[in-house]
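Reader: I'd like a close look at one part of this model, with strand pairing as the topic. Start with the whole chain for orientation, then take me through that part slowly and finish with whatever else is worth a glance.

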Amino acid sequence: MQPERIWARRAGASGHLVAQVIGHGGQSLFVSTGAPRGRAGSVDLIVIGSRGVMAWESGDEIGEPAMSAADSPSPRLIAALEAALKSSQPVDVDHPAIHAESSTPLPLASRPALRAAYAPVAGPVGVLLVTGNHSHQENYARSFAQDPRCRLIGLTDEADIPARRRELNAQLAAELQIPVIDDFDAAVRRYDVHVISICAAPERRARLIARAAAAGKHLYLDKPLAASVAESQAIVDAVRAAGVNQQMFSLVHTGFAERVRRVVESGELGELVAIHADAFFAKGMPGTADLKQVRRERAEPTEFESIEAKRELHNVGVYSLVQLRWLLGREVRRVFANTCNYFFAEHQRLNMEDYAHVTLELDGGVIATVATGRVGWRSHAMGGINRVTLVGTKRSVCVDWYKPRFEVWADEAPWQLPSRHPEDPMGFWTSTTTAAGAKPKLGWLTPADATNDVKHFVDCVVAGRPSDVSAVDAAAVMEMLMAAYRS
């Protein structure tokens with residue numbers, strides 16, 4: 001890798017160093033280094049290639065690895081690193097005196113909570129669905145249906161949707177044995193509807209959410225919140241004016257996220273100085289991207305998903321950013337990011353990133369990083385690398401979604417790739433991956449996770465309390481995402 005640009009920060013007064021390097025050929029490198037007690041001499045390494053992933057976790061038992069003089073960083077890279085630390089800006093490695101203005105400051109706007117309480121919903125919670133199959137509604141709707149406190153009322157959508165979207169809506173309604181209600185505004189005003197679950201494409205969400213909020217209904221919202229910062233703020237304004245409860249789907253109501261929070265709140269880290277989140281989806285058939293094409297990002301993207309590709313920072317990276325805000329409650333001051341096309345020709349053709357990494361400077365000097373993307377069906381033994389490393393002044397801790405686990409070897413056929421579904425080559429939706437023959441990977445067995453995001457929101461609606469991933473939080477995360485694209 002030939003370094004081209006480097007951004008680096010020290011986390012608080014701890015001396016912990018975080019650096020992000022971009023290579024001449026579009027390669028990316030994250031480095032997070034320091035020596036808190038309890039992890040001295042350990043090395044964690046993830047190497048991501050166009051056809052797979054390797055991960056090394058050394059543990060705490062080894063000494064500091066030896067380095068020869070030939071392995072030492074070049075003087076020009078050291079000079080660029082020092083310039084980046086002094087300037088708080090990315091610098092050109094070949095010309096370290098020249099600051100590359102590609103990090104993005106965020107305005108620290110006031111974010112008042114929406115409400116402290118809502119009127120509780122007594123009796124069956126009536127749920128209206130917006131959009132059907134080939135959306136996350138496939139999962140959300142079934143979670144609502146399985147909750148004994150809820151009753152599905154019907155499915156609705158805008159009048160001028162394409163014929164294929166209308167057909168997909170009808171498919172899910174038939175599977176769930178609920179009616180399709182053609183008149184959206186009449187559907188959202190029904191007296192027996194208390195909650196509306198909205199899973200329209202990002203470009204349509206803001207206007208649908210505003211109309212549903214105006215009808216006085218509580219809102220369960222797909223992620224990310226919208227397609228722009230302005231639309232996100234319009235949603236916040238709409239739900240504040242309507243006085244309705246709301247929650248955006250995330251992964252913070254999982255056993256994994258709770259384990260991370262327990263570590264943060266335990267005090268065993270000392271003062272938290274850095275947090276690193278790796279979140280990768282092991283789906284899709286990689287190896288088709290042209291690695292000679294270096295990605296050039298758009299500062300203000302307007303299209304986020306299609307049949308064959310999604311912007312994976314927007315689609316997958318959002319989980320880590322929500323968890324970051326949920327854990328720490330700190331505002332982000334500055335963002336430095338790089339988006340890439342490493343794996344899929346489909347993403348490259350549509351100018352949608354399949355990989356990204358983001359470095360964020362938070363209030364109080366805490367540095368956070370997110371590495372995220374869709375990296376291929378066979379890139380991981382389960383659903384993809386998903387872990388959070390917490391670095392403190394006393395020690396550091398890595399929490400892995402798939403630990404603890406059983407590892408299983410048995411006399412059975414190895415896991416096979418599903419066929420390529422023509423309407424979902426990346427494996428976005430449950431219905432299409434099932435139709436393509438996708439089977440669960442059984443090499444690792446992990447404890448059952450009893451937590452549920454929909455259940456948490458129903459708890460909030462029934463009790464009349466606000467959610468912990470509100471439209472305000474979702475809008476703050478949207479600012480982080482769009483700042484990353486501008487960077």
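Author: Let's begin with a yardstick: the radius of gyration is taken over C-alpha atoms, and the globule rule is 2.2 Å times the number of residues to the power 0.38. For the 487 residues here, a compact globule would come out near 23 Å, and the protein chain has 23 Å, so the two agree. Keep in mind that this is a predicted model. Along the principal axes, the C-alpha atoms fill a box of roughly 75 × 55 × 40 Å. The chain holds 12 helices and 21 strands, and 53% of its 487 residues count as buried. Its exposed surface is about 21200 Å², with carbon and sulfur atoms supplying 54% of that. If you take the contacts between residues at least 6 apart in sequence, 76% of them join residues at least 24 apart.

Now for the close look. The part I'd pick is an open sheet of six strands, paired in parallel and ordered S10-S9-S8-S11-S12-S13. At its edges you'll find strand S10 (180–181) and strand S13 (246–248), each pairing on one side only. Two helices are worth tracing against this sheet. Helix H3, residues 163–176, packs on it and touches strand S8 (125–130), strand S9 (150–156) and S10. The direction of H3 makes about 155° with that of S9. Helix H11, residues 453–463, also packs on the sheet, and its contacts are S8, S9, S11, S12 and S13. Against S12, the direction of H11 makes an angle of about 170°.

Inside the sheet, look at the pairing of strand S11 (residues 195–198) with strand S12 (residues 218–221): these run parallel and are joined by four bridges. To find your place, put Ile 196 on screen; Leu 219 in S12 stands opposite. While you're there, remember that side chains in a regular strand alternate between the two faces of the sheet.

The loops leaving these elements have some backbone oddities. After S12, in the loop leading to helix H6 (229–242), sits Pro 224. The peptide bond from Lys 223 into Pro 224 is cis, with omega near -20°. Then there's His 134, in the loop between S8 and helix H2 (137–146). The phi of His 134 is near 60°, a positive value in a residue that isn't glycine. Gln 177, in the loop between H3 and S10, also has a phi near 60°, again positive and again not a glycine. What about burial? With a cut-off of under 20% for buried and over 50% for exposed, His 134 counts as buried because its relative accessible area is 13%. Gln 177 has 75%, so it counts as exposed.

That's the main sheet; here's the rest to glance at. Another open sheet has four strands in the order S3-S2-S1-S6, with antiparallel pairing. Strand S3 (28–33) and strand S6 (91–92) each have a single partner strand, so one side of each has no neighbour in the sheet. Strand S2 (residues 16–23) pairs with S3 in the antiparallel sense through six bridges, and within that pairing Gln 20 has Phe 30 in S3 as its bridge partner. Helix H1, residues 75–87, lies across strand S1 (3–11), S2 and S6, at about 50° to S1.

Strand S15 (residues 332–340) is another good stop: eight of its nine residues are buried, so the rest of the structure largely encloses it. S15 pairs antiparallel with strand S16 (residues 355–362) over eight bridges, and there Phe 336 is matched with Thr 359 in S16. Strand S7 (residues 104–105) is joined to S15 by two bridges, also antiparallel, with Thr 104 standing opposite Val 335.

One last residue: Arg 311, in the loop between strand S14 (272–281) and helix H8 (312–328). Is this arginine buried or exposed? With a relative accessible area of 2%, Arg 311 is buried. Leaving aside neighbours within four places in sequence, its contacts include Glu 297, Glu 303, Glu 353 and Tyr 485. And if you're collecting cis bonds, the one from Lys 403 to Pro 404 is cis too, with omega near 0°; Pro 404 lies in the loop between strand S19 (396–400) and strand S20 (406–407).

Note on methods. Residues numbered from 1 in each chain as written. Predicted model: local features only at pLDDT ≥ 70, side-chain atom pairs only at ≥ 80, totals over all residues. Heavy atoms only, no water. Pairing = 2+ DSSP bridges. Contact = heavy atoms within 4.5 Å. Axes fitted to C-alpha atoms, helices over the stretch in contact; angles between N-to-C directions. Buried < 20%, exposed > 50% of the residue type's maximum accessible area, 1.4 Å probe, protein only. Areas by Shrake-Rupley, 256 points an atom, 1.4 Å probe, with all protein chains shown as cover.
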